[in-house]
Amino acid sequence: MNTIAQHLEKARHNLAFLNTMDVGDDTFADWAIVVLFYRALHLVSAVIHSHGRDHGTTHGQRQPRAEAVLSPAAAQSYERLYTRSRAVRYEEVTSTAREFERLLKSDFGPLLREVQSRVPNAA
Amino acid sequence: MTSSTSVRDIGVAAAAGDLTSAPPAGTLPMWGLAYAELVRPLLEALAADPAYAARLQAWGEEQQRAEVKSLLSRESASQGSIVAVLGDWQDGEIDLLFVVEGDLYDGESAALPIMRRLRAGFPSIAFDVMILPASSCGPHFRWGIAPEVLYRRQQAST
């Protein structure tokens, strides 16, 4: 995926899926966190492209590039979403709707606002 | 003493492995000549040797690992919520696992700035990261391919 428009479209697609989930219930809070991370991944990738750079293919490549174009707080929020989504997928870590809400408000929200200030039409 | 004699004498010393000692007083011009004629070609030949180059690279990587471990230990020790840090090195990349106790969000807030400092300090290394609560890392917990303990919080003495 190589263009800003493609990444923004994928972010909107993930938002549409997130809107179909009952995020007020603990049952699928883990998957809600995973989808939230992938929404963030495409938003951050769009910002990296907007600086004329490539985001790479792994987290080890993408994170330093995110840190180069985002504020320290936004870059940390993005990495928090990454590591949390990784933890809930592969390990015995339970998640709750409350934790999802915390990530949404404390990390994704500010990250989205920063992305929107740099890339028009980001959602 | 002719210059050819001096060069030969120094060459014998070099061949005997005496390259680390300073040249004798008054022989610096001769030593420079020896370096140009003998030592530099020797070093170039070594650098062109794949086995030597591999050893040199391995030594460099070992030094870098030690520096990463040192930074991790120092930074993690200053964060009370970090219990342990494991590292899994694979082809120039390192996957790090921070084990934290208490609130996971707070543990992430302690570990993630360390990740940023690692990336700033070692830009040639690709760092991956996972942060888990200690409660999920029981005795049967397995992680990574060849994990190494890079930091473990010391038990408080009773």
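**View 1. The contact between chain A and chain B.** In this predicted model, 17 residues of chain A and 16 residues of chain B form the contact, two residues being in contact if their C-beta atoms, placed from the backbone, lie within 7 Å. On the side of chain B that touches chain A, α4 (104-121) and β3 (126-133) each supply at least two residues; helices (H or I, at least four residues) and strands (E, at least two) are DSSP runs, numbered from the N terminus. The largest share of that side, 8 residues, comes from β3(B). Residues are numbered from 1 along each chain as its sequence is written, and chains are lettered from A in the order in which they are written. Local features need pLDDT of at least 70, side-chain atom pairs count only at pLDDT 80 or more, and totals for chains, interfaces and linings use all residues.

**View 2. Surroundings of A:Ile33.** Leaving aside residues up to four places away in sequence, A:Ile33 touches A:Arg84, A:Ser85, A:Val88, A:Ser95, A:Phe100 and A:Leu103.

**View 3. Helix α1 of chain A, residues 4-20.** The 17 residues of α1(A) should span 24 Å at 1.5 Å a residue (1.5 Å times one less than the number of residues), and its end C-alpha atoms are 25 Å apart, which agrees. A:His7, A:Leu8, A:Ala11 and A:Asn14 are buried in α1(A), that is, 20 or more other C-beta atoms lie within 10 Å of their own (exposed: 12 or fewer; partly exposed: in between). Seen down the axis, the buried residues of α1(A) fall within an arc of 120° (directions from the helix axis to the C-beta atoms), so they line one face of the helix. Their cover includes α2 of chain A. The face turned away from the buried side carries the exposed residues A:Ala5, A:Ala16, A:Asn19 and A:Thr20.
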